[in-house]
Amino acid sequence: MHQSPSRRASVLVAAVSSLSLLTAACGDGDGSAGGDTTANAKNAEASPNAPTTTGLTVGFLPKQVNTPYFSVADRGGERAVKSLGSTFREVGTDQGADASGQVSHIVDLTEQEVDAIAVSALDPDTLCDALKQAMDEGIKVVTYDSDTKPECRYAFVSPASAEDIAVRQLELLGEQTGYQGDIAILSAARTATNQNAWISSIKKELEDPRYRDMRLVDVVYGDDEAQESYRKTEELLREHGDLKGIISPTTNGIKAAAKYLSQSSHKGEVKLTGLGAPNDMRPYIEDGTVEAFLLWDPAKLGELAGHAAVALASGQITGREGQMFLAGGMGWFKLGENGVITLGDPTVFDAGNIDDYDF
């Protein structure tokens with residue numbers, strides 16, 4: 001939940017009164033109690049007025065380095081961390097489905113004794129043991145873009161609710177297809193938390209009567225790799241001759257699918273929407289391959305994750321529902337259930353506004 005800076009005074013009073021929390025001891029660090037350690041820490045005292053600690057080291061671990069989306073997101077994180085007087089360090093794998101590689105980087109960051117880790121999780125389970133060990137060592141863990149299990153971190157910086165993102169993608173495709181015909185989903189990795197949440201919400205939303213003439217016929221996975229996503233798009237169109245539309249809730253996937261469609265006889269006939277970056281998708285909007293897609297500002301998402309990481313390390317928040325912290329010029333944010341921090345509503349991009357954005 002986001003609060004505008006103009007409400008700072010009244011929000012601060014409310015936040016201070018709501019943050020009179022019981023002090024709880026940290027865990028003993030025995031390996032079986034990682035979840036208890038986190039729970040205790042989340043119930044520890046916090047104050048939004050606590051001074052911001054400087055000289056911290058914050059490690060950022062995206063799903064995949066050197067991709068347009070995460071390059072922009074992590075630059076936002078770097079901007080926030082440096083503005084708060086601390087050091088930013090990005091590490092990561094260059095493969096879109098390398099959860100074990102993420103584990104190795106978490107172990108390395110723990111050994112380097114960083115103060116906080118912000119990670120976009122490729123798998124909700126695989127990373128947990130390494131993250132719990134990091135938390136047992138006193139490292140504050142934030143997830144952003146894609147979550148782990150709640151017990152494996154203190155807070156999750158979410159672009160928007162899974163339901164809102166899923167529903168808006170399906171609505172866009174429904175508008176473009178006349179709410180009729182077979183549709184498919186081109187996802188990223190099978191284990192990606194955010195992807196699976198969106199797919200689940202899309203399936204649930206399809207039960208609404210307005211989608212009675214739309215049918216989900218397939219879900220395929222391109223692992224956020226350009227060539228594999230391109231191949232999966234070709235495969236979808238070959239195997240489903242009556243396909244009317246594709247949702248790709250991943251920036252790498254929708255770009256690859258748009259590239260294939262733009263070069264095929266299906267251009268303009270099979271509708272494509274999902275989550276894309278304006279700079280990636282501009283050519284396909286201009287040539288008519290894609291009518292509209294959506295995304296939040298990844299720079300703001302990374303910036304919010306950076307502020308949340310430093311707020312945790314400074315004792316301004318601990319991860320408990322109802323706590324609030326100031327994220328610079330972005331304003332005040334409130335932690336929801338399970339420590340979820342929501343950036344805000346995504347933006348729909350089309351021919352009328354895409355040139356207003358540069359990321």
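Visitor: I would like to learn how to read burial in this structure, beginning with one residue: is Asn 338 buried, exposed or partly exposed?

Guide: The model you see is predicted, and its burial is read from how much of a residue's area remains accessible. Asn 338 has a relative accessible area of 42%, so it counts as partly exposed, a class that lies between the limits of 20% and 50%. Asn 338 belongs to the loop between strand 13 (332–334) and strand 14 (340–342), and its phi is positive, at about 60°, although the residue is not a glycine.

Visitor: Which other residue, also not a glycine, has a positive phi, and in which loop is it found?

Guide: That residue is Asp 145, with phi near 75°, and its place is the loop between strand 5 and strand 6 (155–158). Its relative accessible area is 4%, under the limit of 20%, and therefore Asp 145 is buried, whereas Asn 338 is partly exposed.

Visitor: What can be said about Gly 339, in the loop between strand 13 and strand 14?

Guide: Gly 339 is buried, with a relative accessible area of 1%. If we leave aside residues up to four places away in sequence, Gly 339 touches Arg 153, Tyr 154, Ala 155, Phe 156 and Gly 319. Gly 339 and Val 142 are 197 residues apart along the chain, and yet their C-alpha atoms are separated by 9.6 Å. One of the residues that Gly 339 touches, Tyr 154, also has Lys 140 lying over the face of its ring, at 5.0 Å from the ring centre.

Visitor: How should I read pairs of aromatic rings, and how many are there in this structure?

Guide: One looks at the distance between ring centres and at the angle between ring planes, and by this rule there are 13 aromatic pairs. In the pair of Phe 60 and Tyr 144 the centres are 5.3 Å apart and the planes stand at 55°, and because that angle falls between 30 and 60 degrees, the pair is called tilted. This pair links distant parts of the chain, since Phe 60 is in strand 2 (residues 57–61) and Tyr 144 in strand 5 (residues 140–144), 84 residues apart. Phe 60 is buried, with a relative accessible area of 0%, and Tyr 144 is likewise buried, with a value of 0%. Tyr 69 and Phe 70 form an edge-to-face pair, with 4.8 Å from centre to centre and 90° between the planes, and both of these residues are buried.

Visitor: Which residues form one aromatic cluster?

Guide: The cluster is made of Phe 60, Tyr 69, Phe 70, Phe 88, Tyr 144, Trp 198 and Trp 296.

Visitor: Turning to strands, why is strand 9 (residues 243–248) described as largely enclosed by the rest of the structure?

Guide: The reason lies in its burial: five of the six residues of strand 9 are buried, so the rest of the structure largely encloses it. Strand 9 pairs in the parallel sense with strand 7 (residues 181–187) over four bridges, with Ala 184 and Ile 246 as bridge partners. Strand 9 also pairs with strand 10 (residues 271–274), again in the parallel sense and over four bridges, where Ile 247 has Thr 273 as its bridge partner. From strand 9 the chain crosses through helix 9 (residues 251–262) to strand 10, and this β-α-β crossover is right-handed. Ser 248, too, has a residue opposite, which is Gly 274 in strand 10.

Visitor: Which residues of strand 10 point one way, and which point the other way?

Guide: In a regular strand, side chains alternate between the two faces of the sheet. In strand 10, Lys 271 and Thr 273 point one way, while Leu 272 and Gly 274 point the other way, and all of them are buried.

Visitor: How many helices and strands are in the protein chain, and what percentage of its 359 residues is buried?

Guide: The protein chain has eleven helices and 15 strands, and buried residues make up 55% of its 359 residues. Among contacts between residues at least 6 apart in sequence, 71% join residues at least 24 apart. The accessible surface of the protein chain comes to about 14,800 Å², of which carbon and sulfur atoms account for 44%.

Terms used:
Residues numbered from 1 in each chain as written. Predicted model: local features only at pLDDT ≥ 70, side-chain atom pairs only at ≥ 80, totals over all residues. Heavy atoms only, no water. Phe/Tyr/Trp six-rings, centres within 6.5 Å; stacked < 30°, edge-to-face > 60°. Helix = DSSP H or I, 4+ residues; strand = E, 2+ residues; numbered from the N terminus. Buried < 20%, exposed > 50% of the residue type's maximum accessible area, 1.4 Å probe, protein only. Lys NZ or Arg CZ within 6 Å of the ring centre and 35° of its normal. Pairing = 2+ DSSP bridges. Right-handed = clockwise from strand over helix to strand, strands pointing away. Contact = heavy atoms within 4.5 Å. Areas by Shrake-Rupley, 256 points an atom, 1.4 Å probe, with all protein chains shown as cover.
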